[in-house]
Amino acid sequence: MKKYLFPLLILIAILSGCSTKSPSMITHVDQSDGRFDYITGEALSDIKGVVSVREDGFRDQVSIKGKKFDLAIPSEISDKKLRLKVALKNGQKTILEIKLPKRAVIDSYDNFADRMNGTMNELDENTETRFPLTTNDGTFIAADENEVQTWIHVRDSKLVGLSMTAGAEAEEELAAIIVSFILSYEVNNDKVYEAFNNFLDSGKTTTVTASGYKFKFDHGDNRVTIDIIKSVD
């Protein structure tokens, strides 16, 4: 029996060493924003570094704080994969593959701009927000009027997400944009208004899906934030 003992101990040591090289990680993907996919992760010990590589080779900036990391990837209209190389301060390393499901398209951008501008013209002549008739792909501030900053996220000339941030004095401008979207895309207004009122009363993040569109109401940096995306079929 003794002649088997030493090889057995070596085998146990090798297996034990292998088990410590791939640390356990918990990751989460948040796609409730109109512009980005947010990826967060947490390890059992402090993180030394994270390298994020998209399918096209682009590397994104990753924020690290202790055992946690987070990053934001522009939303896409086709399924994507993200490779993360994680190194911990204790020497452990691991490679993660994160799936980023495709986003649904709200509309072609030019049709969206035409619809929204026409509706806002009819709704309230005092509303100053207007969308440019043409735009490039990317994430842009489409309008910044009456304390409402309106963002658009465009891929392949299609609108993927619409986001607004508004200050305390922006009620009328913000309401005009939301109502214009509801009218332009025949959204169930009762569900949206109820969710928005609940958000104002509770101050808590509120999400509602109405007529195939998802509305998220939230707070950030003392401003109201509203995201509108299309639900994936």
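1. The chain contains four helices and 15 strands, and the reader should keep in mind that this is a predicted model. Of its 233 residues, 40% are buried, while the exposed surface comes to about 13400 Å², with carbon and sulfur atoms supplying 50% of that area. Among contacts with a separation of 6 or more, 50% join residues that lie 24 or more positions apart.

2. The largest nonpolar core has 34 residues, and the members that touch the most others are Phe-112, Phe-131, Met-164, Phe-181, Val-187 and Phe-215. At least two residues of this core come from each of the helices H2 (109-123), H3 (171-184) and H4 (189-202), and the strands E11 (148-155), E12 (158-166), E13 (206-210), E14 (213-220) and E15 (223-230) each contribute at least two as well. In soluble globular proteins, nonpolar side chains tend to be buried together.

3. Met-164 is a useful residue to inspect: leaving aside residues up to four places away in sequence, Met-164 touches Val-148, Gln-149, Thr-150, Leu-174, Ile-177, Ile-178, Val-224, Thr-225, Ile-226 and Ile-228. Separate from the core that holds Met-164, there is a second core of 16 residues, which includes Val-50, Leu-71, Leu-84 and Ile-98.

4. Four strands make up an open sheet, in which the order is E1-E2-E6-E5 and the pairing is antiparallel. Strand E1 (25-30) and strand E5 (63-65) are the edges, each of them pairing on one side only. On average, and with direction ignored, neighbouring strands of this sheet are turned by 15° against each other. Between E5 and strand E6 (residues 68-74), the antiparallel pairing runs over three bridges, and Lys-65 stands opposite Lys-68 in E6.

5. Five salt bridges are found in a search of the whole structure, and one of them joins Asp-37 to Arg-103, with an N to O distance of 2.8 Å. Because Asp-37 belongs to strand E2 (residues 36-43) whereas Arg-103 sits in the loop between strand E8 (93-100) and strand E9 (107-108), this pair ties together parts that are 66 residues apart in sequence. Both Asp-37 and Arg-103 are buried.

6. Another salt bridge links Asp-33 with Arg-35, where the closest N and O atoms are 3.8 Å apart. Asp-33 is buried at a relative accessible area of 8%, and Arg-35 is likewise buried, at 14%. The side chains of Asp-60 and Arg-54 also meet in a salt bridge, at 2.5 Å from N to O, and Asp-60 is buried, with a relative accessible area of 12%.

Terms used:
Residues are numbered from 1 along each chain as its sequence is written. This is a predicted model: local features need pLDDT of at least 70, side-chain atom pairs count only at pLDDT 80 or more; totals for chains, interfaces and linings use all residues. Side-chain values use heavy atoms; hydrogens and water are left out. Buried means under 20% relative accessible area, exposed over 50%, partly exposed in between (1.4 Å probe, protein chains only). Contact means heavy atoms within 4.5 Å. Accessible areas come from the Shrake-Rupley method with a 1.4 Å probe; for residues, only the protein chains shown count as cover. A nonpolar core is a set of buried Ala, Val, Leu, Ile, Met, Phe, Trp, Tyr and Cys residues joined through side-chain atoms within 4.5 Å. Two strands pair if DSSP finds at least two bridges between them. Axes are lines fitted to C-alpha atoms, for helices over the stretch in contact, and angles run from 0 to 180 degrees between N-to-C directions. A salt bridge is a side-chain nitrogen of Lys or Arg within 4 Å of a carboxyl oxygen of Asp or Glu.
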